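Please take a moment with the sequence and the structure before reading on. The paragraphs after them are meant to be read with both in view.

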Amino acid sequence: MQALLDWLDGLLANNSIFTLQTLSFYGEGLTTTVQLVFLSLIIGLIMAVPLAIGRSSRHGLIKWPIFAYTYVFRGTPLLVQLYLIYYGVVFVEGVQESWLWPLIKDPFMPALVAFTLNTAAYTTEIFRGAIKATPKGEIEAARAYGMSPTLALRRIVLPSAFRRALPAYGNEVIFMLHASAIASVVTLMDLTGAARFVYARFYAPFDAFLFVAAIYLCLTFAILYFFRFLEKKLLAHLKPMT
Amino acid sequence: MKKLLSLSLLSLAVAATSAQARDDDQIRIGVDVPYEPMEFRTPDGELTGFDIDLGNAMCAEMKVECEWVVQGWDGIIPGLMARKYDAIMSSMTINDKRREQVLFSEPYFTPPSAWFAPSSTELTEATEGSLDGMSIGVQRGTLQDNYVTDMYGNVADVNRYSTADDMVLDMEAERLDIVFLDYPVGQSTLLESDNRDYKVIGDMITEPKQYFGDGFGMAFRKRDKDLAEQFNQALETLRNNGTYDDIKARYFDES
């Protein structure tokens, strides 16, 4: 034990990499990553619910445009979408003079828009699948009770669809966290951006990236734990009785 | 593809049979493009620039065959260590931090750094006060990045780019107020830009040495002392016979 402590002590004393400055970069990166991922997931979730309902609609005019949107955003790499939104948009004539410019100027907004549109597309498809998988009997029963289609959707279909979608959605949240690692290509100082900064400054890939990998692991662990808790709570009625 | 495969197989075989992976009559040199006018591609894809021409001239002087390997800047030293190439010649400034990792040749060029901003800017000098709240662009991992981060990181918003291209794009898009670059690079990418007018703010900066080092040098693995010495001698010859000045005149205004 003492040997271990001595070793740790020596390790920290002899390092020029994890100084106050670089640690503050990692701290700043953690804030940016969490903000970016959290906001895009929340907004994406809010967008995805009506989109998924529309996507399950029988009307082609509602269904197909939403399909086109999810197809495009699931069918192209997030990195390409980010490049298009960040670098591409400045080539739109007159954008620098428009009221939108202060928002687009900062890399945070374009990244948030790209991430939100991307996660909304995936979440829409997750929810659509869950809605589609609603047992027919449940809907028929609701109709037999005299519920209107809207009421049946609100009381029967959506609550059970959300429960079914939960495990898949938990995966999407983790994917989103990991996908956010590309934010540093548009100069955002996110966790990976901080790691790249330290890497480029000290030429120390192992130190820089292992440290950041550990932080991502902690974040993923928190997300896993949160979803396990939700599943336990919301899917309790599906568990076999003991 | 096939050629590439057989080439890599060959190099694998060479690496397996001898401890010295480098084939003596072929030297691979790592370079990050584009970084005008030091290294960039012509419209038809050929590598060119001051480093490329000087490097080829040195190789010709040494009577060896050189191959250029393109590698992104932030992985360029790890690439050397991983034996993807035997030397780096990519406008790399000699400094102590890098000296811990690599062996440098004699400096072959000393460029100043400078601040560049659109001509319409109200800035007249770059100080902590005048840069307060500005968006500054630098290339990630360069000495300019270190200098700006340490001097102005607390007051200004430092944006780091993987390539100089991306940075110029954001400069044109008015996302950046000012950038800090090697002067020759700023000269060819910004001052000679057709899209907007740019100017140099304040003086050329070459001090303190702690950041700006001793100029550009080629970098080698520490054990390759002989190779570095060969390049030093070739450089000496080229400086004496005028070839060096010819190449320099091709890429730089009198300054």
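What follows goes through the helices of chain A, then the sheet and loops of chain B, and ends with the contact between the two chains.

The reader should keep in mind from the start that this is a predicted model.

A good place to begin in chain A is helix 2, which spans residues 20–55, and its packing against helix 3, residues 60–75. The axes of these two helices come within 8 Å and cross at roughly 125°, and helix 2 of chain A and helix 3 of chain A are therefore oblique to each other. On the side of helix 2 of chain A, the residues that meet the partner are Leu51(A), Gly54(A) and Arg55(A), while helix 3 of chain A brings Ile62(A), Lys63(A), Ile66(A) and Phe67(A) to the contact. Sorted by class, this contact of helix 2 of chain A with helix 3 of chain A holds four nonpolar residues, one polar residue and two charged residues.

Helix 2 of chain A also packs with helix 8 of chain A, residues 149–179, at an angle of about 140° and with the axes 9 Å apart. That angle makes helix 2 of chain A oblique to helix 8 of chain A, and the crossing of helix 2 of chain A and helix 8 of chain A is right-handed. Here Val37(A), Ser40(A) and Leu41(A) of helix 2 of chain A meet Val173(A), Met176(A) and Leu177(A) of helix 8 of chain A. The residues of this contact divide into five nonpolar, one polar and no charged.

Within helix 8 of chain A one may also look at Ala165(A), which lies in that helix. Is Ala165(A) buried or exposed? With 21 C-beta neighbours inside 10 Å, Ala165(A) counts as buried, because 20 or more such neighbours are needed for that class. Leaving aside its neighbours within four places in sequence, Ala165(A) is in contact with Ile126(A), Phe127(A) and Ala130(A). Ala130(A) and Ala165(A) are 35 residues apart in sequence, yet their C-alpha atoms are 5.6 Å apart in space.

Turning to chain B, the reader will find an open sheet of five strands, in the order 4-1-5-12-6 and with mixed pairing. Its edge strands are strand 4 and strand 6 (103–104) of chain B, each of which pairs on one side only. Strand 6 of chain B is joined by two bridges to strand 12 of chain B, residues 219–220, and these two strands run antiparallel. Across this pairing, Leu103(B) stands opposite Phe220(B) in strand 12 of chain B. Helix 2 of chain B packs on the sheet, where it touches strand 1 and strand 4 of chain B, and its direction makes about 155° with that of strand 4 of chain B.

The loops of chain B have features of their own. In which loop does Pro34(B) have its place? It belongs to the loop between strand 1 (26–31) and strand 2 (40–41) of chain B, and the peptide bond that leads from Val33(B) to Pro34(B) is cis, with omega near -5°. Pro37(B) also lies in the loop between strand 1 and strand 2 of chain B, and the peptide bond from Glu36(B) to Pro37(B) is cis, with omega near -5°.

Two other loop residues of chain B, neither of them glycine, have a positive phi: the value is near 60° for Lys63(B) and near 55° for Ser91(B). Lys63(B) is found in the loop between helix 2 (50–62) and strand 4 (65–70) of chain B, and Lys63(B) is exposed, with 8 other C-beta atoms within 10 Å. Ser91(B), in the loop between strand 5 (87–88) and helix 4 (96–99) of chain B, is buried, with 24 other C-beta atoms within 10 Å.

Finally, there is the contact between the chains, which takes 15 residues from chain B and 13 residues from chain A. On the side of chain B that touches chain A, helix 3 (76–81) and strand 9 (157–161) of chain B each supply at least two residues, and strand 9 of chain B gives the most, with three residues. The residues on this side of chain B divide into five nonpolar, five polar and five charged.

Note on methods: Residues are numbered from 1 along each chain as its sequence is written. Chains are lettered from A and ligands numbered from 1 in the order in which they are written. This is a predicted model: local features need pLDDT of at least 70, side-chain atom pairs count only at pLDDT 80 or more; totals for chains, interfaces and linings use all residues. Two residues are in contact if their C-beta atoms, placed from the backbone, lie within 7 Å. Helices (H or I, at least four residues) and strands (E, at least two) are DSSP runs, numbered from the N terminus. Ala, Val, Leu, Ile, Met, Phe, Trp, Tyr, Cys and Pro count as nonpolar, Asp, Glu, Lys and Arg as charged, and the others, Gly among them, as polar. Axes are lines fitted to C-alpha atoms, for helices over the stretch in contact, and angles run from 0 to 180 degrees between N-to-C directions. Angles under 35 degrees count as roughly parallel, over 145 as roughly antiparallel, 65 to 115 as roughly perpendicular and the rest as oblique. A crossing is left-handed if the near helix is turned anticlockwise from the far one by less than a right angle, and right-handed if clockwise. A residue is buried if 20 or more other C-beta atoms lie within 10 Å of its own, exposed if 12 or fewer, and partly exposed in between; C-beta atoms are placed from the backbone. Two strands pair if DSSP finds at least two bridges between them.
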